[in-house]
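Please take a look at the fold below. A short tour follows, one element at a time.

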Amino acid sequence: MTDGAVTEVARVLVAADKFKGSLTAVQVAERVTAGLRRVVPELEVETLPVADGGDGTVAAAVAAGFERREVRVTGPVGDPVTAAFALRGTTAVVEMAEASGLQLLPTGVFAPLTSTTYGSGELLRAALDAGATTIVFGVGGSATTDGGAGMLAALGAVFLDAEGELVGPGGAALSSLATADLSGLDERFASVDLILASDVDNPLTGPKGAPAVYGPQKGASPEDVETLDAALAHFVTVLEKAIGPKASECAVAPGAGGAGGIGYGALVGLDASFRPGIELMLDVLGFAPALDRATLVITGEGSLDEQTLHGKAPAGVAAAARAAGKEVIAVCGRLALTQDALTAAGISRAYPLSALEPDPAKSIPNAGPLLEEVAATIARDYLV
């Protein structure tokens, strides 16, 4: 048994995010469990797949006992798509990526200027129709940079150009916006607790804004970024004329730049409150009681890197576990953090798949078996 290893009867909590491109969070939990039990067959393992508000958030909620609901909505380029949200009692978990995510675009096709969040508004309305009075709105993984204008339009806002015509879809079209009317927004939001769950605290515009930081991931050229940044700034100006200083205040609020600015739309139009995504999701998923039952925690995601330290799921899990005095081990596809950085984050040790298979072209398609091997090693190091 290694130094710091578990000495009481072991109960392992597996609370990991997805390995993007290879394994869902549920699959990660299954593979880790299988690897641990290969070495310790009777080991008590509790799994709690986690997410930070981005893609995979609804799946994590369903794994934690929420009911999956599906609805047809408008996809990011206007085609109908089937999107899911999760419901338990009067609490809904809505993931904007289900309706407006990058994964919904045709392979190799991007639409940075014209993609819309209209379907995300339709998804929120479906949650309201299902009786939700608390909505956790996970934002991340978007194909869009429209400041949430599409979402607000789906919920009753009206955006017109100088000719009195509805502005087109996407962020670039906001440059032609002349008037905005939010008075027709679904009145049910006045009595709903809408919580914006995001792992980013960027403002809407500027050097750290949604277009500049995240636009290139969605296919935006430098010229597109300039176009989108100017259009979103204009969006704020027009909204300020319609609703007053709240419009500009929300544009610099934490979370405004989340998912191409849909965070801004939620803050300015739907009176959402912002909480770091992983912190909120751990509450929703029931992490605290699961942590109390655990003697060792295993977390992880596809790449443990500098981004992990800024609000990603493993950092949130490790912070909560450290506060409770529980040891944390991480699994990952690749490791780009020093041991000092891991220790500072509350992670005792990280086990990357790349240590077994350094070639990503081989590691990614074989992530499942490799992860089982890694978990078996953890069991030998910490549990026997």
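The paragraphs below go from the sheet to its helices, then to a helix pair and a few single residues.

Keep in mind that this is a predicted model. Start with the sheet. It is open and has 6 strands. Their order is E3-E4-E5-E6-E9-E10, and the pairing is mixed. Two strands sit at the edges: E3, residues 67-74, and E10, residues 273-276. Each of these pairs on one side only. From one strand to the next, the twist averages 30 degrees.

Now look inside the sheet. Strand E6 covers residues 134-138, and strand E9 covers residues 193-198. The two run parallel and are joined by 5 bridges. For a landmark, find Gly138, which stands opposite Ala197 in E9.

Next come the helices on this sheet. Helix H9, residues 258-270, lies across E6 and E9. Its direction is at about 160 degrees to E9. That counts as roughly antiparallel because the angle is over 145 degrees. Helix H10, residues 277-285, also packs on the sheet. H10 touches E4 (80-88), E5 (91-95), E6, E9 and E10. The direction of H10 makes about 90 degrees with that of E10.

How many of the 9 residues of H10 are buried? The count is 7, and the helix is mostly covered. The buried residues are Gly277, Ile278, Leu280, Met281, Leu282, Val284 and Leu285. After H10 comes Gly286, with a positive phi near 80 degrees.

Stay with H10 and pick out Gly277, which is found in this helix. Buried or exposed: which is Gly277? Gly277 is buried, because its relative accessible area is 0%, and buried means under 20%. Leave aside residues up to four places away in sequence, and Gly277 touches Ala51, Asp52, Ala197, Ser198 and Asp199. Ala197 is the residue that Gly138 stands opposite. Gly156 is a different matter: its C-alpha atom and that of Gly277 are separated by 27 Å. Along the chain, these two glycines are 121 residues apart.

Two residues deserve a look for their backbone. One is Ala259, found in helix H9. Its phi is positive, about 50 degrees, although Ala259 is not a glycine. Ala259 counts as buried, because its relative accessibility is 10%. The other is Asp271, in the loop between H9 and E10. Phi of Asp271 is also positive, near 55 degrees, and this residue is not glycine either. Asp271 is exposed, because its relative accessible area is 54%, and exposed means over 50%.

Turn last to a helix pair. Helix H1, residues 25-39, packs with helix H15, residues 367-382. The angle between them is about 45 degrees, and their axes are 7 Å apart. That angle makes H1 oblique to H15. The crossing is right-handed.

Which residues of H1 and H15 make the contact? H1 supplies Val28, Arg31, Val32, Ala34, Gly35, Leu36, Arg38 and Val39. H15 supplies Gly368, Pro369, Leu371, Glu372, Glu373, Ala375, Ala376, Ile378, Ala379 and Arg380. By class, the contact of H1 with H15 has 11 nonpolar, 2 polar and 5 charged residues.

Technical notes. Residues are numbered from 1 along each chain as its sequence is written. This is a predicted model: local features need pLDDT of at least 70, side-chain atom pairs count only at pLDDT 80 or more; totals for chains, interfaces and linings use all residues. Side-chain values use heavy atoms; hydrogens and water are left out. Two strands pair if DSSP finds at least two bridges between them. Helices (H or I, at least four residues) and strands (E, at least two) are DSSP runs, numbered from the N terminus. Axes are lines fitted to C-alpha atoms, for helices over the stretch in contact, and angles run from 0 to 180 degrees between N-to-C directions. Contact means heavy atoms within 4.5 Å. Angles under 35 degrees count as roughly parallel, over 145 as roughly antiparallel, 65 to 115 as roughly perpendicular and the rest as oblique. A crossing is left-handed if the near helix is turned anticlockwise from the far one by less than a right angle, and right-handed if clockwise. Ala, Val, Leu, Ile, Met, Phe, Trp, Tyr, Cys and Pro count as nonpolar, Asp, Glu, Lys and Arg as charged, and the others, Gly among them, as polar. Buried means under 20% relative accessible area, exposed over 50%, partly exposed in between (1.4 Å probe, protein chains only).
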